[in-house]
Amino acid sequence: MTLDKARELLRNQAQVAGGYTKNGTKLILAEVQKEHGQKSVDQLIRELDLETIFDFKPGTFFKGLTSG
């Protein structure tokens, strides 16, 4: 996933800002973390004010779904 696509999806999630969207946001951030690293995750958290909206702190490790 590109950072631009992640940013677009996260903006949509932040607009709704509910329990289900919080979980979806975690999955998006986990994917960004896997592909682009922690620095990109922290930047998106700050840029989109996800700390205020979902209480996500920069430096948090997000774990995505695992296949099994």
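**A four-helix chain and its salt bridges**

Read from one end of the sequence to the other, the chain of this predicted model follows the pattern α-α-α-α. Its secondary structure accordingly comes to four helices and zero strands, and the named helices include α1, which covers residues 3-16, α2, which covers residues 19-36, and α3, which covers residues 38-47.

The overall dimensions can be taken next. Along its principal axes the C-alpha trace spans about 30 × 25 × 20 Å. A compact globule of 68 residues would have a radius of gyration near 11 Å, and the chain, with 11 Å, agrees with that expectation. Of the 68 residues, 34% are buried, while the accessible surface comes to about 4400 Å², with 51% of that area belonging to carbon and sulfur atoms. When contacts between residues at least 6 apart in sequence are considered, 57% of them join residues that are at least 24 apart.

Charged side chains offer a second way into the structure. The chain carries 10 positive and 9 negative charges, and the mean positions of these two groups are 4 Å apart. How many salt bridges does the count come to? The count comes to seven, and three of the pairs are followed here, beginning with one that lies within a single helix.

In helix α1, Glu-8 forms a salt bridge with Lys-5, their closest N and O atoms being 3.9 Å apart. Both residues belong to that helix and stand three residues apart, which is about one turn. Glu-8 is partly exposed, with a relative accessible area of 42%, and Lys-5 also counts as partly exposed, at 38%.

Helix α2 holds a pair with a similar arrangement: the side chains of Lys-34 and Glu-31 meet in a salt bridge with an N to O distance of 3.8 Å. Because Lys-34 and Glu-31 are three residues apart in this helix, about one helical turn separates them. Lys-34 is exposed, with a relative accessible area of 65%, whereas Glu-31 counts as partly exposed at 26%.

Which residue forms a salt bridge with Arg-7 at 2.6 Å between the closest N and O atoms? The partner is Glu-47. Since Glu-47 lies in helix α3 and Arg-7 in helix α1, this pair ties together parts that are 40 residues apart in sequence. Arg-7 is buried, with a relative accessible area of 15%, because a residue counts as buried when that value is under 20%; Glu-47, at 38%, is partly exposed. The two residues also belong to a wider group, for Asp-4, Arg-7, Arg-11 and Glu-47 are linked in a network of salt bridges.

The backbone deserves a last look. Most residues other than glycine have a negative phi. Against that background, two residues can be picked out beyond the helices described so far. Asp-49 has a phi near 55°, a positive value in a residue that is not glycine; Asp-49 is found in the loop between α3 and α4, and with 38% relative accessibility it counts as partly exposed. Asp-55 likewise has a positive phi, of about 65°, although it is not a glycine, and its place is in the segment after α4.

Terms used. Residues numbered from 1 in each chain as written. Predicted model: local features only at pLDDT ≥ 70, side-chain atom pairs only at ≥ 80, totals over all residues. Heavy atoms only, no water. Helix = DSSP H or I, 4+ residues; strand = E, 2+ residues; numbered from the N terminus. Rg over C-alpha atoms; globule rule 2.2 N^0.38 Å. Buried < 20%, exposed > 50% of the residue type's maximum accessible area, 1.4 Å probe, protein only. Contact = heavy atoms within 4.5 Å. Areas by Shrake-Rupley, 256 points an atom, 1.4 Å probe, with all protein chains shown as cover. Lys, Arg positive; Asp, Glu negative; His and termini not counted. Charge placed at Lys NZ, Arg CZ, Asp CG, Glu CD. Salt bridge = Lys/Arg side-chain N within 4 Å of Asp/Glu carboxyl O.
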